[in-house]
Amino acid sequence: MFDGYDSCSEDTSSSSSSDESEEEVAPLPSSLPIIKNNGQVYTYPDGKSGMATCEMCGMVGVRDAFYSKTKRFCSVSCSRSYSSNSKKASILARLQGKPPTKKAKVLQKQPLVAKLAAYAQYQATLQNQAKTKAAVPVEGFSWGNYINSNSFTAAPVTCFKHAPMGTCWGDIAEGVRVEVPNTDCSLPTKVFWIAGIVKLAGYNALLRYEGFENDSSLDFWCNICGSDIHPVGWCATSGKPLVPPRSIQHKYTNWKAFLVKRLTGAKTLPPDFSQKVSESMQYPFKTSMRVEVVDKTHLCRTRVAVVDSVVGGRLRLVYEESEDKTDDFWCHMYSPLIHHIGWSRSIGHRFKRSDITKKQDGHFDAPPHLFMKVKEVDAAGEWFKEGMKLEAIDPLNLSAICVATIRKVLADGYLMIGIDGSEAADGSDWFCYHATSPSIFPVGFCEINMIELTPPRGYGKLPFKWFDYLRETDSIAAPVKLFNKEVPNHGFHVGMKLEAVDLMEPRLVCVATVTRIIHRLLRIHFDGWEDEYDQWVDCESPDLYPVGWCQLTGYQLQPPAPQSSRDSQSSSSKQKKKAKSQQYKGHKKMTSLQLKEELLDGEEYSFLQGTSDQESNGSASYYIKQEP
């Protein structure tokens, strides 16, 4: 098919001028596969000789330049290495759908059934990966248009270690070449062409077909982890045709020579990129697993809940006593709010016993090793004590850092914290933070970092001064050395776009922006909403995701608030400020009638109006000034 394009008539002068105007390929990091062979660039596959993949090292190159008659290896060393490791190579060959070599057949001891099973499993993985990557359309919103029209920058995938590919993203950057479907084509079959990454925004990449030079008319955004994105050489090994776009097919008389020049020194995706994507989207939590999770109506205690669904590592948990499965709570599998069965008893945390005396059929306890491990602490020497003062993010108002008190010291480094001036007499609104939590800070943290500290409700001596308050309450500040001072090199910058959970409504993932950075503490703003809805979140929080995460995992993304919603924010936000509630809100808001019914049912706790939620990782106790 491609040979016909080689003979297309073309103005020679236009061809040469185009060649001269080509931009030099910028050097890229060295960890990605480089398109070269014996010092020469790989040429364009013509569907016959085409490109090949070395069966030993995975390098992609021109088939004619490969070693041996079979063209299976890029060099003599790879051929010899393969011969000494034929069993491993035969497995690779099976996964690529190729028949094993004669030597491999001799050494292969597995029965035919095992071979077929391995291949079937490989195919099933690819099919499952394609299903998982189904895009979730958001009517009227496109990340690509949003970023292009406003010249926004997105946080790189490497900032999100808990997200798919977060730890193995490598050096994917602008200039990397990939093979993608050619949408500028009138052929009845699906064909492909090579494109280069012009801009990266999280998982999303702005691509431009090779040959368009500075012409951006056909540039398009796509998710780089999608099933239609492949490394250079994939078409040749898969028998797929590479055809230049119709708009430029007559631009060059020799497309092979053009691609030789364009691809010299360029990088492409690793050969196993799609496999890594698929593996990084496998989650250990399964439906019907039982866990202990914070009680969203009483933060001081936990309850048993059952995993109802898993989406991108986020869990929809249904409280075990919910017969109609509407009493639910969303959080990430690495959230500090969920624990294994028996955790509460082991550390002395309050726990609401279930009315269900035995497990329901099919339900089973999630293994303890699946849960996020906290840093071990030494409480034998100087340690937190009841009554010590500190500053803490209010889980019922995540935009505020408040004056707080340690109300109880639990085992394994856990603390029960209360917000001064708004505590219930029975301690029903205390909440549990670990000593290494990113949500607690030493006295003076806010002042030094120019953050507004929320004083106790009803406290009259303003502006608030810690020295005076400690003296008036006859209390002491928690020692600074007990707080976690580790600050990772997180990579976030002010203005970066991302997708973030609204912890006030934890089922929602929204378009968001980083507006302040205080060491490891991030101020997250939800686009289209007023600043009072902002939330303080740790840089390693599992509730932050790269741009394109929702599309990749099949989760619904909430676009920026429309103008009509913004107009109604002022009145609703004023009502929200009047009081706050103990409830971590799920997808249904609790009405005053529901609260009264719960009280009549014999619940031991009282409620106030309002809502909020908290969830984050890390720490931030640093006495170094940092400008906002």
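## K497 and its polar partners

The side chains of K497 and T513 are joined by a polar contact of 2.5 Å. A second polar contact, of 2.6 Å, links the side chain of K497 to that of D527. Both belong to a predicted model.

K497 sits in strand 22, which covers residues 496–501. Its relative accessibility is 5%, so K497 counts as buried, the cut-off being under 20%. Beyond four places in sequence, K497 touches W143, Y146, F152, T153, A154, A155, A512, T513, D527 and V547. T513 and D527 thus appear both in this contact list and as polar partners of the K497 side chain, T513 at 2.5 Å and D527 at 2.6 Å.

## A five-stranded open sheet

Five strands form an open sheet in the order 7-6-5-4-8. The pairing is antiparallel. Strand 7 (220–223) and strand 8 (230–231) are the edge strands. Each has a single partner strand, so one side of each lacks a neighbour in the sheet.

Inside this order, strand 5 (residues 192–201) and strand 6 (residues 204–209) run antiparallel and are joined by six bridges. One residue pair can be named: A195 has Y209, in strand 6, as its bridge partner.

## Helices packed on the sheet

Helix 7 (residues 143–150) packs on the sheet and touches strand 5, strand 6 and strand 7. The direction of helix 7 makes about 130° with that of strand 7. Helix 9 (residues 255–263) also packs on the sheet. Helix 9 touches strand 4 (177–181) and strand 5, and its direction makes about 25° with that of strand 5.

Helix 7, spanning residues 143–150, also leads back to K497: W143 and Y146 are among the residues that K497 touches.

## T436 in a loop

T436 lies in the loop between strand 19 (431–434) and strand 20 (440–441). Its relative accessible area is 18%; buried means under 20%, so T436 is buried. The side chain of T436 makes a polar contact of 2.8 Å with the side chain of H434.

## Confidence

The average pLDDT of the chain is 78. A score of at least 70 is reached by 68% of the residues.

Two stretches call for separate mention. Over residues 37–49, pLDDT stays under 50, and the model has 41 contacts beyond four places in sequence for them. Over residues 584–628, pLDDT also stays under 50. The model has 160 such contacts for residues 584–628.

Notes
Residues numbered from 1 in each chain as written. Predicted model: local features only at pLDDT ≥ 70, side-chain atom pairs only at ≥ 80, totals over all residues. Heavy atoms only, no water. Helix = DSSP H or I, 4+ residues; strand = E, 2+ residues; numbered from the N terminus. Buried < 20%, exposed > 50% of the residue type's maximum accessible area, 1.4 Å probe, protein only. Polar contact = N/O pair within 3.5 Å; in protein donor to acceptor, adjacent residues only side chain to side chain. Contact = heavy atoms within 4.5 Å. Pairing = 2+ DSSP bridges. Axes fitted to C-alpha atoms, helices over the stretch in contact; angles between N-to-C directions. pLDDT = per-residue confidence, 0-100.
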